[in-house]
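Student: Can you walk me through this one? I want the packing, the odd backbone spots and the empty space.

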Amino acid sequence: METSSESFAFELEPYKNAPRRELPTAGVKGTVGHFGAVVVERCPLYRPLEKGMDTARLSGPAFPETVFRGKRRSGRPSLFKAELTLEGVRAELQFNARALRKEDRALRIGYEGRQYVYSIEGLGRVRSLQRDGVKVAIGPGRHVPPATTYSAGTATGPVDAVDLALAIVLEEVDTDVLTLAGAALSSPFALMQHFSDRAE
């Protein structure tokens, strides 16, 4: 698989699309170094037939199709009841929403022998995906009035399309539960999910 030999920066732009005869989509898109164009899309509407679940889908010519599915929260999929697949191959997801230390609350992703740690760093809320020798970090970028804020990303180490796909698809996932404040706010939500899951 092609890798990047040096660190590089990239930018993701939020977008919304509302075609007349199809469901609307929203997400982020951008050009990621020599890997080229990428887009993550989800449907911002609540769909009763989805039984409370939501999906974010990443695609691009150089990227594996990456699908994240989880319980809908804040208009996007969350880490609750989550599933993540790349080209149809399922990744393993683990996190502890009750942990007090940031390291213990991190999302751990296992995929094809790789082990990733995804965490949210600092007051600027930089999202960081790391494995041995590789880091992809995405945080707030430039603001274009009146209301568009881009995301600014950096890739460090021998990054490949899988690393980037995982970090970028999570931009359209509600990961607030990985922060201490978010975990506290999520507690009532988690309790409701527990009862709704038992009712299914």
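**Working through the model**

Tutor: Start with Ile-109, which sits in strand S9 (residues 107–111); helices (H or I, at least four residues) and strands (E, at least two) are DSSP runs, numbered from the N terminus. This is a predicted model, so local features need pLDDT of at least 70 and side-chain atom pairs count only at pLDDT 80 or more, while totals for chains, interfaces and linings use all residues. Residues are numbered from 1 along each chain as its sequence is written, and side-chain values use heavy atoms, with hydrogens and water left out.

Student: Is Ile-109 buried or exposed?

Tutor: Ile-109 is buried, as its relative accessible area is 0%. Buried means under 20% relative accessible area, exposed means over 50%, and partly exposed is in between (1.4 Å probe, protein chains only).

Student: How far is Ile-109 from Leu-93?

Tutor: The C-alpha atoms are 4.9 Å apart in space, and the two residues are 16 apart in sequence.

Student: Switching to rings. How many aromatic pairs are there?

Tutor: Four aromatic pairs. Rings of Phe, Tyr and Trp (its six-membered ring) pair if their centres lie within 6.5 Å; planes under 30 degrees apart count as stacked, over 60 as edge-to-face and the rest as tilted. One of the pairs is Phe-35 with Phe-63, which is tilted, with 6.2 Å centre to centre and 40° between the planes.

Student: Where in the chain are Phe-35 and Phe-63?

Tutor: Phe-35 is in the loop between strand S2 (25–31) and strand S3 (37–42), and Phe-63 is in the loop between strand S4 (53–59) and strand S5 (66–73). The pair links distant parts of the chain, 28 residues apart. Phe-35 and Phe-63 are both buried.

Student: And what about Phe-80 and Phe-95?

Tutor: That pair is edge-to-face, at 6.2 Å centre to centre and 80° between the planes. Phe-80 lies in the loop between strand S6 (76–77) and strand S7 (83–86), and Phe-95 in the loop between strand S8 (89–94) and helix H1 (102–105), so the pair ties together parts 15 residues apart in sequence. Phe-80 counts as buried because its relative accessibility is 15%. Phe-95, at 28%, counts as partly exposed.

Student: Which residues do ring pairs link into a cluster?

Tutor: Phe-8, Phe-10, Phe-35 and Phe-63.

Student: What lies over the face of Tyr-150?

Tutor: Arg-142, at 4.1 Å from the ring centre. The test is NZ of Lys or CZ of Arg within 6 Å of the ring centre and within 35 degrees of the ring normal.

Student: Okay, backbone oddities. Which peptide bond is cis?

Tutor: The bond from Pro-145 to Pro-146 is cis, with omega near 5°. Pro-146 falls in the loop between strand S12 (134–144) and strand S13 (148–156). Most residues other than glycine have a negative phi, and most peptide bonds are trans.

Student: So which residue other than glycine has a positive phi?

Tutor: Lys-81 has phi near 55°. Lys-81 is in the loop between S6 and S7 and is partly exposed, with a relative accessible area of 41%. Glu-87 also has a positive phi, of about 50°. Glu-87 is in the loop between S7 and S8 and is exposed, at 53%.

Student: How many residues of helix H2 are buried?

Tutor: Nine of its nine residues (161–169) are buried. The N-terminal end of H2 is capped by Asp-160, with a side-chain oxygen 3.1 Å from the backbone nitrogen of Val-162.

Student: Last topic, empty space. What is the volume of the largest pocket?

Tutor: About 510 Å³. On a 1 Å grid over the protein atoms alone, a cavity is a set of points where a 1.4 Å probe fits but cannot get out, and a pocket is an open set with protein on both sides within 12 Å along at least five of seven lines; lining residues have an atom within 4 Å of a point.

Student: Which lining residues are closest to its centre?

Tutor: Of the 27 that line the largest pocket, Arg-76, Arg-127, Ser-151, Glu-171 and Glu-172. Strand S1 (8–17), S2, strand S10 (114–121) and S13 each supply at least two residues of the lining.

Student: And what volume does the largest cavity have?

Tutor: About 30 Å³. Among the residues lining the largest cavity are Leu-45, Tyr-46, Met-53 and Arg-72.

Technical notes. Grid points are joined across faces, edges and corners, and a volume is the space filled by probe spheres set on the points. A polar contact is a pair of N or O atoms within 3.5 Å; within protein, one must be able to donate a hydrogen and the other to accept it, and residues adjacent in sequence count only if both atoms are side-chain atoms.
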